[in-house]
Amino acid sequence: MAQRIFFSLGIMCKLIHRVKTLFIQQLYKRTALVLSIMFCIGIVAGLWNTHLLSSKLIKSKVLQNASHYAQTIQAARTLYSEVATRAKTVEGITITHDYKNIEGG
């Protein structure tokens with residue numbers, strides 16, 4: 001039984017060695033093809049990485065711009081409320097959204 005296992009392992013090792021040798025021989029014969037395939041894989045990997053970095057950059061920029069926009073709106077509201085509060089104390093000025101149609105608006 002043990003001899004059969006060692007015999008089978010010996011055959012498997014020889015088979016693996018032959019396949020490996022054949023593969024290396026074919027690799028040496030087709031060096032240009034292998035290099036071309038490796039080059040194409042490198043280009044695809046580079047483009048994929050650039051795409052991922054670009055999409056991450058776009059997402060972070062959108063979030064940053066939205067934050068700045070919200071801060072600007074908040075500052076404008078604060079400024080408007082301060083101006084409107086001071087303008088209420090001045091006689092002859094009416095604070096309204098319909099300033100075109102109301103005299104003194």
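Is cysteine 13 buried or exposed, and what is its relative accessible area? In this predicted model, cysteine 13 comes out as exposed, with a relative accessible area of 52%. Cysteine 40 has a value of 47% and so counts as partly exposed, because the exposed class starts over 50%. As for cross-links, the disulfide count is zero; a pair would need its cysteine sulfur atoms within 2.5 Å.

Helix α1 spans residues 2-29, and isoleucine 16 has its place there. This isoleucine 16 is exposed, at 54% relative accessibility. Isoleucine 16 also belongs to a nonpolar patch on the surface, together with Met12, Leu15 and Val19. Taken together, the four side chains' residues put about 390 Å² of accessible area on show.

Moving on to helix α2, which covers residues 31-88, glutamate 82 is found within that stretch. Glutamate 82 is partly exposed, its relative accessible area being 44%. From glutamate 82 to lysine 56 there are 26 residues along the chain, and their C-alpha atoms lie 39 Å apart.

Serine 55 also sits in helix α2. With a relative accessible area of 25%, serine 55 is partly exposed; the figure is too high for the buried class, because that class needs a value under 20%. The serine 55 side chain makes a contact inside the chain as well, reaching the backbone oxygen of leucine 52 at 2.9 Å.

Terms used:
Residues are numbered from 1 along each chain as its sequence is written. This is a predicted model: local features need pLDDT of at least 70, side-chain atom pairs count only at pLDDT 80 or more; totals for chains, interfaces and linings use all residues. Side-chain values use heavy atoms; hydrogens and water are left out. Helices (H or I, at least four residues) and strands (E, at least two) are DSSP runs, numbered from the N terminus. Buried means under 20% relative accessible area, exposed over 50%, partly exposed in between (1.4 Å probe, protein chains only). Patches are made of residues with over 30% relative accessible area and no salt bridge: like charges are joined within 9 Å, nonpolar side chains (Val, Leu, Ile, Met, Phe, Trp, Tyr) within 5 Å. Accessible areas come from the Shrake-Rupley method with a 1.4 Å probe; for residues, only the protein chains shown count as cover. A polar contact is a pair of N or O atoms within 3.5 Å; within protein, one must be able to donate a hydrogen and the other to accept it, and residues adjacent in sequence count only if both atoms are side-chain atoms.
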